[in-house]
Amino acid sequence: MIDPRKIAVVTFDCDGVMFDSSDANRAYYNQLLAHVGLPAMTPAQFDFAHMHTVDETIDHLIADAGLRHEARRHRQKMRYHAFIGHMVIEPNLVDLLDRLRPFYKIAIATNRTDTMECVLAQHGIEDRFDQVVTALDVENPKPHPEQLQVILDHFGLVPDQMIYIGDSQVDAEAASAAGVPFIAFGNTGLAAAVHIDSLGQIADLLGLA
């Protein structure tokens with residue numbers, strides 16, 4: 001159970017929670033695959049890409065070592081800005097951040113790597129978060145709990161003082177391993193303390209008027 005009186009930090013996953021980034025991620029990885037002469041992602045491959053880091057995804061999508069090397073080389077020349085236009089911000093996100101700001105610290109724990117900064121900046125919300133932890137900031141990306149542990153340590157908190165909002169199995173596993181109450185967004189199949197289908201429900205959960 002979540003005790004709203006204890007919560008000091010609200011932490012979000014990025015893809016699938018703050019943004020519907022399906023079209024952006026699909027276009028991004030399909031361009032990489034096309035560059036090395038491979039077909040577009042299957043639905044199962046897309047599900048993997050949605051949850052994992054870019055390096056893990058390239059390893060998963062491309063079996064040939066030479067093609068993997070070329071995909072990584074090409075990736076360094078690709079500008080993710082071209083794909084941000086495909087991302088759709090969740091309609092209740094900005095309002096929720098404004099309502100949380102006077103009372104809570106706000107953080108992000110995401111398996112994105114070097115694209116997170118430009119995603120936030122291009123949507124004009126880069127100043128609304130007190131801490132952003134990406135896969136580049138830790139030794140172990142989700143489902144390992146290290147990202148959540150880094151946030152807890154940064155604010156000097158124990159696990160039940162933070163909630164984590166995610167939409168995937170790796171989010172649920174990371175929260176469970178960290179002992180952090182997990183809120184599943186748009187995915188009733190995940191083990192969670194609470195299931196929601198709108199970010200606006202977070203304000204209700206925390207008792208915000």
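# Briefing: pockets, cavity and helix packing

The largest pocket of this structure holds about 170 Å³ of space. The model is a predicted one. In addition to that pocket, there is one cavity of 30 Å³ or more, and the space in the largest cavity comes to about 260 Å³. The points below cover these spaces, the packing of helices H1, H3 and H4, and a cis peptide bond.

**The largest pocket**

- The lining of the largest pocket is formed by Tyr28, Arg75, Gln76, Met78, Arg79, Tyr80, His81, Asp114, Thr115 and Cys118.
- By class, four of the residues lining the largest pocket are nonpolar, three are polar and three are charged.
- Tyr28 is one of the lining residues of the largest pocket, and it also belongs to the H1 residues that meet H3 and to those that meet H4.
- Arg75 likewise lines the largest pocket; in H4, Arg75 is among the residues in contact with H1 and among those in contact with H3.

**The largest cavity**

- The largest cavity has a lining of 24 residues, and those nearest its centre are Asp15, Ala49, His52, Asn111 and Arg112.
- Two or more residues of this lining come from each of H1, helix H2 (43-51) and helix H9 (169-178).
- In the lining of the largest cavity, seven residues are nonpolar, nine are polar and eight are charged.

**Helix H1 against helix H3**

- Helix H1 spans residues 22-35 and helix H3 spans residues 54-61; their axes come within 12 Å and cross at roughly 45°.
- This crossing angle makes H1 oblique to H3.
- The crossing of H1 with H3 is right-handed.
- On the H1 side, Tyr28, Tyr29, Leu32 and Leu33 take part in the contact, and on the H3 side Val54, Thr57, Ile58 and Leu61 do so.
- The contact of H1 with H3 comprises seven nonpolar residues, one polar residue and no charged residue.

**Helix H1 against helix H4**

- The axis of H1 comes within 9 Å of that of helix H4 (residues 65-75), and the two cross at roughly 125°.
- H1 is therefore oblique to H4 as well.
- H1 and H4 form a right-handed crossing.
- H1 contributes Tyr28, Gln31, Leu32 and His35 to this contact, where they meet Glu70, Ala71, Arg73, His74 and Arg75 of H4.
- Sorted by class, the contact of H1 with H4 has three nonpolar, three polar and three charged residues.
- Leu32 of H1 is among the residues that meet H4, and it is also among those that meet H3.

**Helix H3 against helix H4**

- The axes of H3 and H4 lie 10 Å apart, and the helices pack at an angle of about 145°.
- H3 passes H4 with a right-handed crossing.
- Val54, Asp55, Ile58 and Asp59 of H3 are in contact with Arg68, Ala71, Arg72 and Arg75 of H4.
- The contact of H3 with H4 contains three nonpolar residues, no polar residue and five charged residues.
- Val54 and Ile58 of H3 take part in the contact with H4 and also in the contact with H1.
- Ala71 of H4 is among the residues that meet H3 and among those that meet H1.

**A cis peptide bond**

- Lys142 and Pro143 are joined by a cis peptide bond, with omega about 20°.
- Pro143 is located in the loop between strand S5 (131-133) and helix H8 (146-155).

Key: Residues numbered from 1 in each chain as written. Predicted model: local features only at pLDDT ≥ 70, side-chain atom pairs only at ≥ 80, totals over all residues. Heavy atoms only, no water. Axes fitted to C-alpha atoms, helices over the stretch in contact; angles between N-to-C directions. Helix = DSSP H or I, 4+ residues; strand = E, 2+ residues; numbered from the N terminus. Parallel < 35°, antiparallel > 145°, perpendicular 65-115°, else oblique. Left-handed = near helix turned anticlockwise from the far one by under 90°. Contact = heavy atoms within 4.5 Å. Nonpolar A, V, L, I, M, F, W, Y, C, P; charged D, E, K, R; others polar. 1 Å grid on protein atoms, 1.4 Å probe; cavity = no way out; pocket = protein on both sides within 12 Å on 5 of 7 lines; lining within 4 Å. Points joined across faces, edges and corners; volume = space filled by probe spheres on them.
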